[in-house]
Each structure stands twice: as C-alpha cells, then as structure tokens.
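Please open the model in your viewer and keep the sequence panel beside it. The tour below proceeds by selection, and each stop states what is to be found there.

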Amino acid sequence: MDPKNSEALVDKTKERYWSPVDVYVGGAEHAVLHLLYSRFWHKVLYDIGVVSTKEPFKCVINQGIILGEVQYMACKDSDGNFVDADSVGVFEEHRQERIPEENVMKYGDSFVLKDNPDIRLIARAHKMSKSRGNVVNPDDVVFEYGADSLRLYEMFMGPLRDSKAWNTGGIDGVHRFLGRVWRLIVGSPLPDGTFRDGTVAIDDKPSLEQLCCLHKCIVKVTEEIEGTRFNTGISAMMEFINAAYKWDKLPRSAIKPFVLLLSPYAPHMAEELWFRLGHSNSLASEPFPKADPAYLKESTVVLPVQINGKTRGTIKVEEECTEEDAFKLASIDQKLSKYLDGRAVRKRIYVPGKILNVILEPQIAKVGSRFGKSFYDCSGSGYGLASIAAARRSIDHKIRISPGFGHSFPHPLNPSPFPEMTLPRPDDSCHHSSLLGETRV
C-alpha cells in the first residue's frame, strides 16, 4: 500500500483507500495456510491501530477443483468375469479393470458396457495426480487449441465454486465458438487459408432488433461476471453470435461492444479484433459496455388464450396488439384453431398484454329419443340454464342434461319425465350414455 513511507507502516489515507480487499479467491486447502494467517495478522494490525477494518477481505470465494477426466472401472469376479458394480458386496473379493471411454455408453443415470449393457460400471473423477496418471498439461492444450480456448473452457465448465471433471473433448465446443466469432467479424478465409486485413463490419446504423439483441447480451454478461457465473455469461455471448449470423449486415457500432464483452474471457483474440476494427490503443483501457434500458423492453408478449374460460394455448403478439388482431392470430394458430373452427363466437374478453378469452355459442346436439320425444345434450355448452332455456324455446322438445356433472336440482322447464336434472360444469364435453344412445360431440 505504501512501501516508500519511512515514517509509518502505512499512511492512513492510503490504507483507507486500498483496503479491505474486495474479493479473495482461494481453494479450501488455503483455509489454514493463507486465509487464517492473513486474518490473524490483520486483526493484530487492527488492534494496534494500523488498519481501519476488522477483516482483510470483503468477500471470500472458494473455487472448486478441476478433477481429472472421468475413469470407468468394471468389476471382475475371481474367475475373471465381468459383474455388475451394483451387485458387488463390500466384503466380496473382486478386482477392477479400467474400461476405455469408447467402450462405454450412458444408460439412464448409469454407465454400462456397450457390448453388455447389463454390466454397470463405476464412473468416478479423481483429483489430478501423477500416481493416477490423469494430469493434464496445460501447455499441450495451449499448443493445440490456443490460450484463449483453454481459458474459455475452464470458465465454461461450470460454476466457479463447483468442482468439475476435465474433459478434453469439451474444448472443441468453445474452440469452434471462437472460430465462429472470428469468421463473423473478419470474414471467411481466403483460398490460401489466410484472412483479409480488417473486418467485414460496416459503418451503417444498427437496427432496433440488433440493438435490442446487443443490449440484452450486455446486461446478461455483466450480471453473470459480477455473480462469478462465467459459464452462463459465455452462453449469452453464444446466443448473440447465433443471432448475429442471421443479420444481413454487421454494423461496426453493434460489434465493438461485443468484442469488449468477450475480452475478459478471450483477451488475445479480442485484442486482435479490436485493432482490426480500427483502434490503435489497447481495449484494456476502454470502459466496459453498459446496457441501455430503452432496448431491454420486450416488444412482443406471450398472450394466454382461453376458450370458454379454459386456457387452451398461447400466442405471441405485439405489445400494442388490438383485440381483433389477437383473435385473428388465435384463429390461425394450429393448436387453437381446432376449438374455434366452425363455432360462433358469443363474446370476446380482451385485456391487452394479459389475456384473450373467447366465449363460444353452445353446441346443441340431438343425442337420442325416448317416449316419442327427442333429447338434446347441452353439456358441452358451458352456459348453464340460460343456454338450456334458449334451446328449449327454439325446439319444442324435452332437453336431456347429461348426468354426472355439477349439482342436481328440480328441472325448471319440463319436470316430467325427468324430475331432476344435472347442470354440467362449463366446457364439460358431452359424454356417452347407453340408455339414450348419446354420442360425444
């Protein structure tokens, strides 16, 4: 903090400016040899008035360990035959044999032999050690894939605080992602395998869609970096690149902030792209991008659609969508159209951005006859007595209400030959009755 001060251990102003440390990152094995000692001496300095804070660190993060690659072990009995790992008892005599990964397949939550799926294996990742022979030399990875790919893969493996198993094959995915970023900005390689100077970015003004996509990426990556969730921040950048490949043009003002977002993850490639975009100074001195709230607002909303009070599906509509436009979209929706085709609409209830409820006219179907009278089933109407009365006035026949739904009460229209009727619940479908020969409608 103040190494050239000959009068005091540290100047009070400088001590208050520099301390305490914002973030301390260390593994669990450092809890005694470093973390405990640093806290002990800091408290001594606090007691004698040298430092102004009781604790040396504001935040402590214990990062997980990168384990060796998963090893698959098969159990063998005394005769040398493979046996299921779950069937081996604790005290049973058996030996284990390592199985190459190409001879293993995943079956449910377990791993089994490809040649004999009945043999379950022991899958376990151990801490890297020379004795186990599972040490991965980072120099070899850098030589084959580059330092940026190694750095990006380590952050993409999972949450910082979790222990993860190394998988060399997983580097291919992030290496391809960096290749896609390079080709998007620089362009495809020339016939001789080299790349052109500069980039394919142009100075046109970005569209609203491009700005919305960019600023959503900015806010997501920023939040994930602050929360040390680097893997999900990388996922957000992958989504941005997927969207950018669909653009007709690549505005320079939309791609520069993305390069700055990429720089903490892949600094070497980001620096090269920054110079190709026309800058002479390092991006390390550039401010980190900030999201504009004006571009974070969703222009479309998911609107639930109800038919006779029951939610039957959803449609995507513009935020300012009118009732008529929302109903047209619902009518052509594959899932909703089957409920609306050929049906008369009695009423529509529309709350912009919230819900569309379509009330249909009741369906009255002739379902049988008895005592020389025709019977009609209104149980699919969902309108109760009002629909029944309307149907009674329109047809001079007795109305049969399907039993088994709702509550029974005296029939208000024709008390005989059915002294009681059952009012169906709204939108209950007609059912089969062997007595009256009713059919589902």
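Begin by selecting T228 in this predicted model. Is T228 buried or exposed? T228 is buried, because its relative accessible area is 12%, and the cut-off for buried is under 20%. The residue is found in the loop between α6 and α7 (230–244). Display its backbone torsions as well: phi of T228 is near 55°, a positive value in a residue other than glycine.

**Helix α6 and H215**

Next, select residues 208–226, which form helix α6, and highlight H215 within that helix. H215 counts as buried because its relative accessibility is 11%. To see what surrounds the side chain, add K290, A291, D292, Y295 and L296 to the selection. H215 touches each of these residues, residues up to four places away in sequence being left out of the list.

**The hairpin at N308**

Now move to N308, in the loop between β11 and β12. This residue, although not a glycine, has a positive phi of about 50°. N308 counts as buried, because its relative accessibility is 13%. Colour the two flanking strands, β11 (300–307) and β12 (310–318). They form a hairpin with 2 residues between them, and N308 is in the turn. The two strands pair in the antiparallel sense over 8 bridges. To follow one of the pairings, select V302 and its bridge partner in β12, K316.

**The sheet around the hairpin**

Extend the selection to the sheet that contains this hairpin. In what order do its strands lie? The order is β12-β11-β14-β13, an open sheet of 4 strands with mixed pairing. At the edges are β12 and β13 (345–351), each of which pairs on one side only. Neighbouring strands of the sheet are turned by 20° against each other on average, direction ignored. As a general guide when inspecting side chains, those in a regular strand alternate between the two faces of the sheet.

Within this sheet, select β13 together with β14 (residues 355–360). The pair is antiparallel, with 6 bridges between the strands. V351 has I355, in β14, as its bridge partner. Then add helix α10 (residues 323–332). Helix α10 lies across β11, β12, β13 and β14, and runs at about 115° to β13.

**From K58 to a cis peptide bond**

Turn to strand β2 (residues 57–61) and pick K58. K58 counts as exposed because its relative accessibility is 58%, the cut-off being over 50%. Leaving aside neighbours within four places in sequence, K58 is in contact with P20, V21 and D22. Measure also from K58 to S19: the two residues are 39 apart along the chain, and their C-alpha atoms are separated by 9.2 Å.

While S19 is selected, examine the peptide bond from S19 to P20. This bond is cis, with omega near 0°. P20 is placed in the loop between α1 (12–18) and β1 (21–25).

**A31 in helix α2**

The next selection is A31, in helix α2 (residues 30–47). A31 counts as partly exposed because its relative accessibility is 38%. Add N62 and draw a distance between the C-alpha atoms: it is 9.1 Å, and the residues are 31 apart in sequence.

**The largest pocket**

Switch to a surface display for this stop. Rolling a probe the size of a water molecule over the atoms shows where empty space is left. Which residues lie nearest the centre of the largest pocket? They are E69, V70, R98, E101 and W166, out of 18 residues in the lining. The pocket has a volume of about 310 Å³. Colour β4 (71–76), β6 (95–99) and α3 (138–145), for each of them supplies at least two residues of the lining.

**The whole chain**

Finally, clear the selections and view the chain as a whole. Its secondary structure comes to 12 helices and 18 strands. Of its 441 residues, 37% are buried. Among contacts with a separation of 6 or more, 53% are between residues 24 or more positions apart. The accessible surface comes to about 26400 Å², and carbon and sulfur atoms account for 53% of that area.

Terms used
Residues are numbered from 1 along each chain as its sequence is written. This is a predicted model: local features need pLDDT of at least 70, side-chain atom pairs count only at pLDDT 80 or more; totals for chains, interfaces and linings use all residues. Side-chain values use heavy atoms; hydrogens and water are left out. Buried means under 20% relative accessible area, exposed over 50%, partly exposed in between (1.4 Å probe, protein chains only). Contact means heavy atoms within 4.5 Å. Accessible areas come from the Shrake-Rupley method with a 1.4 Å probe; for residues, only the protein chains shown count as cover. Two strands pair if DSSP finds at least two bridges between them. Axes are lines fitted to C-alpha atoms, for helices over the stretch in contact, and angles run from 0 to 180 degrees between N-to-C directions. On a 1 Å grid over the protein atoms alone, a cavity is a set of points where a 1.4 Å probe fits but cannot get out, and a pocket is an open set with protein on both sides within 12 Å along at least five of seven lines; lining residues have an atom within 4 Å of a point. Grid points are joined across faces, edges and corners, and a volume is the space filled by probe spheres set on the points.
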